[in-house]
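Student: Please take me through the nonpolar interior of this model and the residues in and around it. I would like each cut-off spelled out once as you go.

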Amino acid sequence: MKKEIDQKLIKIINENSVVKIDKKTFNNDIDLMDDLGMSSLSFVSLMISIEEEFEIEIPDECMMIDKLRKYCKLKECILEQMQKG
């Protein structure tokens, strides 16, 4: 299941970022802003896409880029919301 989440999440991130992730460059510590060139507007678009793809609602307090700018934190948030589902 986690691998499937990674695949979906990487696809969504690639649709919303300047720099694309591939198997060679992927790691859990990728920073969405610094490493992938994501803007705050792109981040909002990313969150909307994630909510739609995973059929979850990310709480407003988590929707801050400072909290979810690392891939591992974003994935952790998605897993938490799916478990609440």
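Tutor: What follows begins with the core and then goes residue by residue. This is a predicted model, in which local features need pLDDT of at least 70 and side-chain atom pairs count only at pLDDT 80 or more, while totals for chains, interfaces and linings use all residues. Numbering runs from 1 along each chain as its sequence is written, and side-chain values use heavy atoms, with hydrogens and water left out.

Let's start in the middle. How many residues make up the largest nonpolar core? There are 24 of them, where a core is a set of buried Ala, Val, Leu, Ile, Met, Phe, Trp, Tyr and Cys residues joined through side-chain atoms within 4.5 Å. The residues with the most contacts inside this core are Ile 13, Leu 32, Phe 43, Leu 46, Met 47, Ile 50 and Leu 74. Two or more core residues come from each of α1 (2-16), α2 (40-54), α3 (65-68) and α4 (71-84); these helices are DSSP runs of H or I, at least four residues long, numbered from the N terminus.

Ile 50, one of those well-connected core members, makes a good anchor for your view. Setting aside residues up to four places away in sequence, Ile 50 touches Leu 9, Ile 12, Glu 55, Ile 56, Ile 58, Leu 74 and Ile 78, with contact meaning heavy atoms within 4.5 Å.

Follow that list to Ile 78, which sits in helix α4. Is Ile 78 buried or exposed? Ile 78 counts as buried because its relative accessibility is 0%; the classes are buried under 20%, exposed over 50% and partly exposed in between, with a 1.4 Å probe and protein chains only. Beyond its neighbours within four places in sequence, Ile 78 is in contact with Leu 9, Ile 50, Phe 54 and Ile 56. Leu 9 and Ile 56 also appear among the contacts of Ile 50. From Ile 78 to Glu 55 the C-alpha separation is 9.9 Å, across 23 residues of sequence.

Glu 55 itself deserves a stop. Glu 55 belongs to the loop between α2 and α3 and is exposed, at 73% relative accessible area, although Ile 50 touches it. The backbone of Glu 55 has a positive phi of about 55°, and this residue is not a glycine. Most residues other than glycine have a negative phi.

Back in helix α2 you will find Ile 48. With a relative accessible area of 44%, Ile 48 is partly exposed. Ile 48 lies 9.0 Å from Ile 58, C-alpha to C-alpha, and the two are 10 residues apart in sequence. Ile 58 is also one of the residues that Ile 50 touches.

Now turn to helix α1, where two polar side chains are worth a look. Asp 6 is placed in this helix and is buried, with 16% relative accessible area. Which residues does Asp 6 contact, leaving aside neighbours within four places in sequence? They are Phe 26, Tyr 71 and Lys 75. Two of these partners also form side-chain polar contacts: Asp 6 with Tyr 71 at 2.5 Å, and Asp 6 with Lys 75 at 3.1 Å. Such a contact is a pair of N or O atoms within 3.5 Å, one able to donate a hydrogen and the other to accept it; residues adjacent in sequence count only if both atoms are side-chain atoms.

Asn 14 is in helix α1 too, and at 17% relative accessible area it is buried. Without residues up to four places away in sequence, Asn 14 touches Val 19, Lys 20 and Ile 21.

Lys 20 leads on to Thr 25, since Thr 25 is in contact with Lys 20 and Ile 30 once its neighbours within four places in sequence are set aside. Thr 25 lies in the loop between α1 and α2 and is partly exposed, at 42% relative accessibility. Its C-alpha is 15 Å from that of Leu 9, and 16 residues of sequence separate Thr 25 and Leu 9.

To finish, look at the segment after α4, where Gly 85 has its place. Gly 85 counts as exposed because its relative accessibility is 94%. The C-alpha atoms of Gly 85 and Glu 57 are 8.9 Å apart, with the two positions 28 residues apart along the chain.
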